[in-house]
Amino acid sequence: MRVIEFEIKEKDNNRQIREFLRDFGVSSALLTKLKRTENGITLNGNFARSIDEIHTGDRLSISIENDGKMPKPLVDNNVEMVYSDEDILVLNKPPMMPVHESRNHQGDTLANAAACYMDSDTAFRSVYRLDRDTSGLVLIAKNELAASKLAGKIKKDYYAVCGGVLTDSGTIDLPIKRMGDSIIKRGVFDDGERAVTHWNAVKNNGKNTLLKINLETGRTHQIRVHFSHLGYALLGDTLYGGNCEDIERQALHCKTIYFNHPISEKPMIIDCDFPEDFKGLI
């Protein structure tokens with residue numbers, strides 16, 4: 001159970017508890033759960049109703065129950081934990097590891113790695129996901145409130161190595177949709193969904209280019225599709241025509257994430273190193 005305490009400031013004097021909690025980010029569904037939980041809402045240590053008023057200096061607490069089940073822990077876990085506190089967990093996902101369990105992947109996913117660091121009766125809530133072959137930071141929420149407050153609010157710095165030489169910077173604004181009858185492959189089509197990719201060329205070796213990439217939209221395979229369409233497929237990307245001589249998966253890594261902590265609301269920046277197979281490509 002996660003207990004969160006608030007000290008009421010003067011600006012919230014005489015407000016109803018439910019108004020205060022909703023402004024903080026507590027959803028209607030979670031508020032209903034809190035009302036049904038024994039001592040789910042307390043004011044100055046005593047049971048409180050959501051319609052009760054709060055006053056300057058009061059101590060308001062909410063108790064969020066664990067509401068799920070983690071998968072079994074990963075055997076011989078070597079996934080790096082980059083950051084952890086009561087509300088969030090950040091793992092550095094290695095390449096070739098799926099985020100979620102599926103019919104073909106049981107016990108070998110990032111969810112199983114997270115189970116090594118979290119309570120067994122907590123649901124696995126990945127705030128976003130990376131493709132199996134993409135490496136880098138994945139942010140996991142440890143409770144329902146953290147998940148809802150973080151959803152769609154994470155800025156990510158991706159790094160990729162593409163074939164060919166690019167310089168300066170640019171923006172790719174090309175729509176993407178599923179290609180033909182394929183359930184996996186995407187392509188650029190006029191009637192697709194808008195997709196916007198911002199990129200900066202970091203360095204090149206006359207053959208390949210290291211790119212820093214930020215996404216304005218989050219379409220499936222967006223980075224891979226955009227650069228392949230322009231003739232600069234990511235190294236190792238067999239699905240979209242990348243050169244596989246030096247790396248066996250797409251050279252794409254989520255290196256840095258930026259967000260406000262869901263409870264303290266303080267700005268956070270979390271960074272990780274490049275994986276070994278990524279180093280030396282440039």
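I'm calling a residue buried when its relative accessible area is under 20%. With that cut-off, 48% of the 282 residues of the protein come out as buried. Note to self: this is a predicted model.

**Overall look**

I looked up the secondary structure next and found 5 helices and 16 strands in the protein. The C-alpha trace spans about 65 × 40 × 35 Å along its principal axes. For contacts between residues at least 6 apart in sequence, I get 65% joining residues at least 24 apart.

**Surface and charge**

I have about 14,200 Å² down as exposed by the protein, with 44% of that supplied by carbon and sulfur atoms. I also checked the charged side chains: 37 are positive and 41 are negative. The centres of those two sets lie 3 Å apart.

**Zooming in on S126**

I picked S126, which sits in strand β7, residues 125–126. Buried or exposed? S126 counts as buried because its relative accessible area is 18%, and the cut-off is under 20%.

Which residues does S126 touch, leaving aside neighbours within four places in sequence? I found V99, H100, V138, L139 and I140 in contact with S126.

I looked at the side chain of S126 too. One of its polar atoms lies 2.3 Å from the backbone oxygen of Y128.

Last lookup was R103: 23 residues separate R103 from S126 in sequence. In space, I get 19 Å between the two, C-alpha to C-alpha.

Technical notes: Residues are numbered from 1 along each chain as its sequence is written. This is a predicted model: local features need pLDDT of at least 70, side-chain atom pairs count only at pLDDT 80 or more; totals for chains, interfaces and linings use all residues. Side-chain values use heavy atoms; hydrogens and water are left out. Helices (H or I, at least four residues) and strands (E, at least two) are DSSP runs, numbered from the N terminus. Buried means under 20% relative accessible area, exposed over 50%, partly exposed in between (1.4 Å probe, protein chains only). Contact means heavy atoms within 4.5 Å. Accessible areas come from the Shrake-Rupley method with a 1.4 Å probe; for residues, only the protein chains shown count as cover. Lys and Arg count as positive and Asp and Glu as negative; His and the chain ends are not counted. The place of a charge is taken as NZ of Lys, CZ of Arg, CG of Asp or CD of Glu. A polar contact is a pair of N or O atoms within 3.5 Å; within protein, one must be able to donate a hydrogen and the other to accept it, and residues adjacent in sequence count only if both atoms are side-chain atoms.
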